[in-house]
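Trainee: Could we walk through this model together? I'd like to practise reading the folds and contacts.

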Amino acid sequence: MARAPVLRIGNTLVVTVLEDLHDRDAMSLQTELLGQLERTGATGVLLDLSVIEIVDSFLGRMLNDIAAGVRLLGAQMVVVGIQPAVAITLVELGLELRGVRTAVNADRGLALLRRLVNAALYQVTMRPGLDGRNGKGNAHGHR
Amino acid sequence: MPILGEDDIVQSRQHAREAARQLGFGAVDQSRIATAVSELARNIVRYATDGRGQITIRQLTSTDGRERTGIEIVVSDEGPGIPDIDQALSDGFTSGGGMGMGLPGTRRLMDEMTIESAVGSGTTITIRKWRR
Amino acid sequence: MINRNDRDRMSDTIEQQRQTISELQTPVIQVWDRILALPIVGGLDTARTQEMNEALLQKIVDTGAEIVIIDITAVPVVDTAVAKHLLETVAAARLLGAEVLMVGLSTRTAITLVHLGVDLGGVITRTTMAKGLDLAFARLGLEVVSRRGASRAAASELALDGDGV
């Protein structure tokens, strides 16, 4: 989709939202993204909103929905570049996007994504209680 | 500015943001104003008859001694009207839950909001924000 | 009689002073790489919270901070309204990928908040800034290590020579 191209880099899908999205574009983005996840088996999604100056309740809810969908497909998503003005507005609207992981920029976002994907891996392969620890706590060997 | 369809939601919020910017509102207020207009424009597309309505943006100058600039946006439609305005304004009908018209949220973003509505005769919502 | 020019100048000065006071009251300090500290002095109302949030979020963007330690030791009253404002700050910082720790919660404040049924929504708290920093370092995988040997001996010699160090 032209307004929010999806790039595949290794195991990560990078989506940069380039324009203010119409409601239907946001819905297409969700379909496109989840579809690509399924097709490619990518484990991480980086969603870049750094160019977006207006995020209303519809897009806010879409972000929640997309995050949930990504999780259901066994992948991780980090949203980056939420502008301060947008963050404040969303919070005042009552949308805290609790189910969405975020980072301040793409660099940090990719680092976080790496950690999240690794942690998820450990959760699957490590049996809890094996040495008194569970998978989550000790996957962050490298920070 | 007429609202004729979904595409006009983006256009009206962009217009509102630009108008706010020209009136000297800061980035955060521009975002608040644009988002409030987006919510109201979407209500028109979703609930008004044929999804049609009207948005008017104008500058305000206060007359109470202090010289303040503000923005006023009037969003109106000839739709079915809001049967219970109080209920629509109560927090149970926030946009966060995915239902309702997001009026409480819009109210929080602006300084003033007035609703005129009656079943069968349409709705007019006026929102205002003053520059600090 | 004040003419128009004087009035505009006065109004500008007042605005400038207001901003200076505002910045002095809620300075955002970078205490370490990725760690910001925000000591709040005085009461917290809607207007102040808004200004504070804007300054804080911009600082998060500028420094790439991942942890924000909000110190409320000097906030005289923490009631439902203040708690709500603080929670807004926490939520906004989270959207920029920063986690917020709150320090300086007094026993009295804790009792008040419990009494009012205020849920700080999972915000991690510590009683002092030192403890908050400790936790922040841990979260970032950092550790403070004591230096031993030559450099430490040299430092203690300086302490003996110097005045009241």
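What follows is a short round of questions and answers on this predicted model.

Trainee: Which strands sit at the edges of the sheet in chain A?

Mentor: Start with the layout: five strands make an open sheet in chain A, ordered β1-β2-β3-β4-β5, with mixed pairing. An edge strand pairs on one side only, and in chain A that holds for β1 (6–9) and β5 (101–103).

Trainee: And which residue in β4(A) is the bridge partner of Gly44(A)?

Mentor: Look at β3 (residues 44–48) and β4 (residues 76–80) of chain A, which pair in the parallel sense over five bridges. Within β4(A), the partner bridged to Gly44(A) is Gln76(A).

Trainee: Moving to the contact between chains A and B, which element gives the most to chain A's side?

Mentor: Chain A puts in 18 residues and chain B 25. On chain A's side, the elements giving two or more residues are α1 (23–40), α2 (57–72) and α3 (84–93). By class, that side has seven nonpolar, four polar and seven charged residues. The biggest giver, with six residues, is α3(A).

Trainee: Over in chain C, which element of chain A do the buried residues of α2(C) pack against?

Mentor: Helix α2 (residues 46–63) of chain C has 18 residues and reaches 26 Å from first C-alpha to last, close to the 26 Å expected. Its buried residues include Met52(C), Leu56(C) and Ile60(C). Within chain C they pack against β2 (35–41), β3 (67–74) and α3 (80–95), and from chain A they pack against α3.

Trainee: What phi does Gly64(C) take just after that helix?

Mentor: Gly64(C) comes right after α2(C). Its phi is positive, at about 65°.

Conventions:
Residues numbered from 1 in each chain as written. Chains lettered and ligands numbered in written order. Predicted model: local features only at pLDDT ≥ 70, side-chain atom pairs only at ≥ 80, totals over all residues. Pairing = 2+ DSSP bridges. Helix = DSSP H or I, 4+ residues; strand = E, 2+ residues; numbered from the N terminus. Contact = placed C-beta atoms within 7 Å. Nonpolar A, V, L, I, M, F, W, Y, C, P; charged D, E, K, R; others polar. Expected span 1.5 Å × (residues − 1). Buried ≥ 20, exposed ≤ 12 C-beta atoms within 10 Å, placed from the backbone.
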